[in-house]
Amino acid sequence: MCGIIGYIGKQKAASILIEGLKRLEYRGYDSAGLSVISREFGVETIKAVGKVANLENKINGKDILGTTGIAHTRWATHGKPCDKNSHPHSDCEGNIFLVHNGIVENYQELKENLIKKGHKFSSETDTEVITHLIEEFNRSVDFKNAVLKALKIIKGTYGLAIINKKEPDKIIAARLGSPLVLGIGREEFIVASDVAAIIRHTNKVVFLEDGEMAVITPESYEIFNAKNKAVNKGATELDWSLEKAEKQG
């Protein structure tokens, strides 16, 4: 019962991410966290066990300037609730950060292979494997193709929102068996696991289908299938109010 939200646009991301996490609290969770990225300051990650309010208290007083970020509420499956197991997770170099809903069924096998290649893990989660896979492939191919290669060898389910310090004006989102929706605003985009986290900002959305991946920048988005072919999908305008969306849960 985890929640995902990501923001990219011109506004400061942190407050929008916190607001979105609050809209997802009904789903149940035991910890929360966010990562915000900017060209000037790189990635700032903050996590807290317990309520979203605990995360918000950690952020209060900090001037987090980035306009791109991802956030997550976690329900523990692999590893106890604690900061190190909370999302977002990162790779060895601190470049790749992601949030994940779902389960990586073959994570143990993948983890063992990555350790043999020199990767060092800092959590007990299955999710962290994905960050290191992307890191490994990103050494030889670009960010988007590194994500595609990683997804091809993952067994299980995922809803993902991913950022990369090397490409700070981009979010990659992908879905297989775990819902993701992309909200299209004015010079901004919000990706989330639930419309409730989006509807306050826009009612124009694109629902990702299984096997699809969205590459999102502040100006535009593109959607690709598992074979890296562009998918032309029109947006849907929802006839929902914020109050109606919150009742869907």
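In this predicted model, Leu133, Ile134, Phe137 and Asn138 of helix α4 meet Phe143, Ala146, Val147, Lys149, Ala150 and Ile153 of helix α5. Sorted by class, the contact of α4 with α5 comprises eight nonpolar residues, one polar residue and one charged residue.

## Packing of helices

Two packed helices are described by the angle between their axes and by the distance between those axes. Helix α4 covers residues 128-138 and helix α5 covers residues 143-153. Their axes lie 8 Å apart, and the helices pack at an angle of about 130°. The two helices are therefore oblique to each other, since an angle counts as roughly antiparallel when it is over 145 degrees and as roughly perpendicular from 65 to 115 degrees. In passing α5, helix α4 makes a right-handed crossing.

A second pair is formed by α1 and α2. The axes of α1 and α2 come within 10 Å and cross at roughly 170°. That angle makes α1 roughly antiparallel to α2, and the crossing of α1 past α2 is left-handed. On the α1 side, Ile18, Leu21 and Lys22 take part in the contact; on the α2 side, Val52, Leu55, Glu56 and Ile59 do so. By class, this contact of α1 with α2 has five nonpolar residues, two charged residues and no polar ones.

## Salt bridges

Side chains of opposite charge can pair when their charged atoms come close. The structure holds nine salt bridges, and the table below presents some of them, including the pair of Glu187 and Lys10.

| Acidic residue | Basic residue | N to O distance |
|---|---|---|
| Glu187 | Lys10 | 3.2 Å |
| Asp63 | Lys12 | 2.9 Å |
| Glu167 | Lys170 | 2.7 Å |

Which parts of the chain does the salt bridge between Glu187 and Lys10 tie together? Glu187 lies in the loop between β9 (181-184) and β10 (189-192), whereas Lys10 lies in the loop between β1 (3-8) and α1 (13-23), so the pair ties together parts that are 177 residues apart in sequence. Both Glu187 and Lys10 are exposed.

The salt bridge of Asp63 with Lys12 has its closest N and O atoms 2.9 Å apart. This pair, too, links distant parts of the chain: Asp63 sits in the loop between α2 (52-59) and β4 (68-74), Lys12 sits in the loop between β1 and α1, and the two residues are 51 residues apart. Is Asp63 buried or exposed? With a relative accessible area of 53%, Asp63 is exposed, because exposed residues are those over 50%. Lys12, at 42% relative accessibility, counts as partly exposed.

In the third pair, the side chains of Glu167 and Lys170 meet. Glu167 has a relative accessible area of 26% and is partly exposed.

## Backbone features

Most residues other than glycine have a negative phi, and most peptide bonds are trans. The following residues depart from these patterns.

Glu187, described above as a partner of Lys10, has a positive phi of about 60° although it is not a glycine. Glu187 counts as exposed at 51% relative accessibility, and its place is the loop between β9 and β10.

Asn228 also is not a glycine, yet its phi is positive, at about 65°. Asn228 lies in the loop between β13 (221-224) and β14 (236-237). With a relative accessible area of 28%, Asn228 is partly exposed.

Where does the chain contain a cis peptide bond? Such a bond joins His87 and Pro88, with omega at about 0°. Pro88 is placed in the loop between β4 and β5 (89-90).

## The surroundings of Gly102

Gly102 belongs to the loop between β6 (96-101) and α3 (107-116). At 30% relative accessibility, Gly102 counts as partly exposed. Which residues does Gly102 touch, not counting residues up to four places away in sequence? Gly102 touches Asp126 and Thr157. In addition, the C-alpha atoms of Gly102 and Leu160 are separated by 8.9 Å, while these two residues are 58 residues apart along the chain.

Notes. Residues numbered from 1 in each chain as written. Predicted model: local features only at pLDDT ≥ 70, side-chain atom pairs only at ≥ 80, totals over all residues. Heavy atoms only, no water. Salt bridge = Lys/Arg side-chain N within 4 Å of Asp/Glu carboxyl O. Helix = DSSP H or I, 4+ residues; strand = E, 2+ residues; numbered from the N terminus. Buried < 20%, exposed > 50% of the residue type's maximum accessible area, 1.4 Å probe, protein only. Axes fitted to C-alpha atoms, helices over the stretch in contact; angles between N-to-C directions. Parallel < 35°, antiparallel > 145°, perpendicular 65-115°, else oblique. Left-handed = near helix turned anticlockwise from the far one by under 90°. Contact = heavy atoms within 4.5 Å. Nonpolar A, V, L, I, M, F, W, Y, C, P; charged D, E, K, R; others polar.
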